[in-house]
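Reader: I am new to this structure. Where should I begin?

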2 protein chains.
Amino acid sequence: MHGVVMHSPGDVRVEDRDDPTIIDPTDAIIRLTATCICGSDLWPYRGVERVDHKLMGHEYVGVVEQIGDDVKTLKVGDFVVGSFVISDNTCEICQAGYQSKCVHAQFVSGTQAELARIPYADGTLVATPGPPDADLIPSLLAASDVLGTGWFAAVAAEVGPGKTVAVVGDGAVGLMGVLAAKQLGADRIIAMSRHADRQALAREFGATDIVEERGAEGVARIRELTDGLGAHCVIEAVGTEESMLQAIHATRGGGHVGFVGVAHEGVNLPLDQLFFAEVHLHGGPAPVRRFLPELIQKIWNHEIDPGKVFDLKIPLEEAAAGYAAMNERRAIKVLLTL
Amino acid sequence: MHGVVMHSPGDVRVEDRDDPTIIDPTDAIIRLTATCICGSDLWPYRGVERVDHKLMGHEYVGVVEQIGDDVKTLKVGDFVVGSFVISDNTCEICQAGYQSKCVHAQFVSGTQAELARIPYADGTLVATPGPPDADLIPSLLAASDVLGTGWFAAVAAEVGPGKTVAVVGDGAVGLMGVLAAKQLGADRIIAMSRHADRQALAREFGATDIVEERGAEGVARIRELTDGLGAHCVIEAVGTEESMLQAIHATRGGGHVGFVGVAHEGVNLPLDQLFFAEVHLHGGPAPVRRFLPELIQKIWNHEIDPGKVFDLKIPLEEAAAGYAAMNERRAIKVLLTL
């Protein structure tokens, strides 16, 4: 079968490799219907993160092709959406809603491919109510990571009715954070973006205000818009020191920051600034599995259309062109068809 | 009147200065009954924080001697406990329980003295039900900062019934965190301490376990004690990178860290470690005013005896000796009598 391999920064190839097989009785093999390129895939692409013949991809929807003997909730032929972190969904940590920190957690890798092996299939995959119409595929795929991650960020930031929410980062996750904030009933949603296409999509997803300034000026604008107090809730979807400080300082004392931008080794947060800001900070790799049943239902009911975030759709075989487009910001997010 | 001045690191003197007077109509002047030395006073004493003729002291209990025309809830003669941060207690931030981030917030300074001027007296001071018996004075004084801070840390860490709590830091605030965790109904309270006297006091305040190891070994011990998962709640009461990482890694995924150790400029938190730990982090200067009415009542009813944390009581005039005793760890916390 074919799959995407990153040999070294910038060197993305589609190569033939062996079909995956059932190893553990809790495994499933799925045939991918669609997959995509993540903003976090750009870190190794740009050489910020080490990479050496890595099997790429951790977002996926597809059809169950084979199951291990212990898989109970899925059957061959089911259409499934999975989380980017494997989870048993039964341990104490999973039961508390933190499937991304499951005692059996492992990051998915290799789903930019025709087939994938998914361990702990019962705990990781969620079947849709039936075979989805083609127009739902992009949204279901979004649920697998960016929507689930943006949703988690909004929940971590305690977004709800009566709240003013600011969103730092206008990539796919930030835009999904806007959509989640709207769904969770926020009064006012301020998207921080300086790109016209992303501003337009943010407004479509529910943003009420756009702030183009960054850093200290961006913080000052958020404070101006909130009677000098700062936002109740801030979603951080970048992962740098600058973006974290922008998020923290844009939040009122006692307010909440939900952060999901992947932080890299060597990125530090000045502890004194965090201390004196006196905000709540919560984030990390999103426990997407917690939200999947609810998100799938909302998509199934056509209540939300997160699939709009994919502004480029190309065949898996052209993955290298997709990486280049995202890297050069010619695309917000690239869907790979199979 | 006499008051404590720190001229430079290690140089603490009791000097004569003018009596404070009412400046704003919302001010009160109080005559101190007792005051004390804070662990945070040791930062400038040790030269970690700049200091130049600073008026010391921010913990205080005393009797109202004079009030401005706009003070409504207090009268001359009232015995009062105050927070170490001035607050109006009416703004939107105060009403949300974050008086330490009040729009009129300022840090108290100069209460190691015979008299002190307290701005926004109505919003900052709380009167006791009547003149307290002498044996209650140390506990009421503790409420002014260390108890209120330890309590906030426990609340920020979401301590409650069924929870296992670990406490990093065995200074006065950490010990008050143990007391708060006990009061808030924690099942198990693990104090991290390698000093016999502090271990004994921790047990007296409610600790069920003691861990002497620090850093990675300390984290490993906490994990051993919690089925490999980590504590639900961790109180951090030191303020260094090492103590913060110890707290974060001792917490289970999805768990809560309440941090109140004062972080200094230049102390950094590795953001990737915070990200992948996936804990909740909340802390900062405690909004003591939020808790004062409840804490005063518990002390008044003899339900708690936080005053035990003062293991050295000396006259204000001997403040320099008190600083030396705390700096050399001969005393946990020093009460200054007047």
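Author: Begin with how copies are compared: they are superposed by least squares on the C-alpha atoms of residues with pLDDT of at least 70 in both. The pLDDT condition applies here, as this is a predicted model.

Reader: By what turn and shift can chain A be laid on chain B?

Author: In general, two copies of a chain are related by a rotation about an axis and a shift along it. Here a turn of 180° and a shift of 0.0 Å along the axis lay chain A on chain B, with an RMSD of 0.0 Å. The two copies are thus related as by a two-fold rotation axis.

Reader: How many residues does each chain bring to the contact?

Author: Chain A and chain B bring 33 residues each. On the side of chain A that touches chain B, H10(A) gives the most, five residues. That side divides into 16 nonpolar, ten polar and seven charged residues. The copies meet through the same surface, because 100% of the interface residues of chain A are also interface residues in chain B.

Reader: Which strands are joined across the two chains?

Author: E16(A) and E16(B) run antiparallel and are joined by three bridges. Leu269(A) stands opposite Leu269(B).

Reader: How do I read the packing of H5(A) and H11(A)?

Author: Two packed helices are described by the angle between their axes and the distance between the axes. The axes of H5(A) and H11(A) come within 9 Å and cross at roughly 105°. Angles of 65 to 115 degrees count as roughly perpendicular, so H5(A) is roughly perpendicular to H11(A). Among the residues that meet are Trp151(A) and Phe152(A) in H5(A), and Phe291(A) and Leu295(A) in H11(A). This contact has seven nonpolar, two polar and no charged residues.

Methods: Residues are numbered from 1 along each chain as its sequence is written. Chains are lettered from A and ligands numbered from 1 in the order in which they are written. This is a predicted model: local features need pLDDT of at least 70, side-chain atom pairs count only at pLDDT 80 or more; totals for chains, interfaces and linings use all residues. Two residues are in contact if their C-beta atoms, placed from the backbone, lie within 7 Å. Helices (H or I, at least four residues) and strands (E, at least two) are DSSP runs, numbered from the N terminus. Ala, Val, Leu, Ile, Met, Phe, Trp, Tyr, Cys and Pro count as nonpolar, Asp, Glu, Lys and Arg as charged, and the others, Gly among them, as polar. Two strands pair if DSSP finds at least two bridges between them. Axes are lines fitted to C-alpha atoms, for helices over the stretch in contact, and angles run from 0 to 180 degrees between N-to-C directions. Angles under 35 degrees count as roughly parallel, over 145 as roughly antiparallel, 65 to 115 as roughly perpendicular and the rest as oblique.
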